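Okay, thanks everyone. I'll walk you through one model today, so have a look at it on the screen before I start.

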Amino acid sequence: LMLILVKWVGAALAAVAITVGVGGLGWLGLHTTESALGTVVGVSTPQIRALGGMVSDLNAVRVAEVALVNSRLDLENRGKIEKRLRQAQEQLERDRHTFAALPMTASETALWKKAGGALASWTPKHDRMVSQVAGSHLVNVEQLPAKLDDFLIEQQKWAERLRQAIVPGGSFQDFANPMSDGLGNWLATYQTDDPKFR
């Protein structure tokens, strides 16, 4: 009887030890899972959201840059695009600050520093391009040099014909007003929002 009692007590103690061990492992697993879940919710998800936001913001900036160099833009639409560009840049700064405030591993810190250097190198070039484009309100700007060169040549030919007509025996068959042909007709129809060019 004593032997049976010892076996039962031994079995009960073994069962308790197994239960405590399994419970301890379960608690440790839950604690580890909770910690990992806290990292995912508190760090990884905000990081992914901020990085995704920065990618979206930079794409919006790029689209606005391409739209701004469209030479057929009038002043009103150029203003709308510049506004969208400013909003994308402001959102980019917010997303950058959000990401920078989160904990990073050593490799993430190194990559973040590298990305910051690339952005710092790009920003002055972007700002210079935007200021140059924003300062011009001309329409069809890529055609202007060629057109104006053609008109200059026409004017020079007109002036030469006039000079020839002044010499004794010369005659002048053109319009007396040099603005009555190509340049004058073009100036009457060309419209621009650029006050300096007007």
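Let's start with a single residue: in which helix is Lys 83 found? That's helix α2. Keep in mind as we go that this is a predicted model. So, is Lys 83 buried, exposed or partly exposed? Its relative accessible area is 48%, and because buried means under 20% and exposed means over 50%, Lys 83 counts as partly exposed. Along the chain, Lys 83 and Ala 64 are 19 residues apart, and their C-alpha atoms are separated by 9.4 Å.

Let me zoom out for a second. The protein has five helices and zero strands, so from the N terminus you just read α-α-α-α-α. Of the 198 residues, 21% are buried. And if you take the contacts with a separation of 6 or more, 72% of them are between residues 24 or more positions apart.

Now, the core. In soluble globular proteins, nonpolar side chains tend to be buried together. Here, the largest nonpolar core has nine residues, and Ala 64, which we just met, is one of them. The others are Val 61, Leu 68, Leu 73, Ile 81, Leu 85, Ala 88, Val 130 and Val 133. Who supplies them? At least two residues come from each of α1, which is 2-68, α2, which is 75-100, and α3, which is 106-134.

Click on Leu 85 if you can. Leaving aside residues up to four places away in sequence, Leu 85 touches Val 61, Ala 64 and Leu 68, plus His 126 and Val 130.

Those helices come up again at the largest pocket, which holds about 160 Å³ of space. α1, α2 and α3 are the elements giving two or more residues to its lining. Among the lining residues are Leu 51, Met 54, Leu 92, Arg 96, Trp 112 and Gly 116. By type, the lining splits into eight nonpolar residues, one polar and one charged.

Last stop, the other end of the chain. Helix α4 covers residues 144-166, so 23 residues by the DSSP assignment. From first C-alpha to last, α4 reaches 33 Å, close to the 33 Å expected at 1.5 Å a residue. Which residues of α4 are buried? Those are Leu 144, Phe 151, Gln 155, Trp 158 and Ala 165, and what covers them includes α5, residues 182-189.

And coming back to cores, there is a second, separate one of five residues, including Leu 144, Phe 151, Leu 183 and Tyr 190. That's my tour, happy to rotate it again.

Key
Residues numbered from 1 in each chain as written. Predicted model: local features only at pLDDT ≥ 70, side-chain atom pairs only at ≥ 80, totals over all residues. Heavy atoms only, no water. Core = buried A, V, L, I, M, F, W, Y, C linked by side-chain atoms within 4.5 Å. Buried < 20%, exposed > 50% of the residue type's maximum accessible area, 1.4 Å probe, protein only. Helix = DSSP H or I, 4+ residues; strand = E, 2+ residues; numbered from the N terminus. Contact = heavy atoms within 4.5 Å. 1 Å grid on protein atoms, 1.4 Å probe; cavity = no way out; pocket = protein on both sides within 12 Å on 5 of 7 lines; lining within 4 Å. Points joined across faces, edges and corners; volume = space filled by probe spheres on them. Nonpolar A, V, L, I, M, F, W, Y, C, P; charged D, E, K, R; others polar. Expected span 1.5 Å × (residues − 1).
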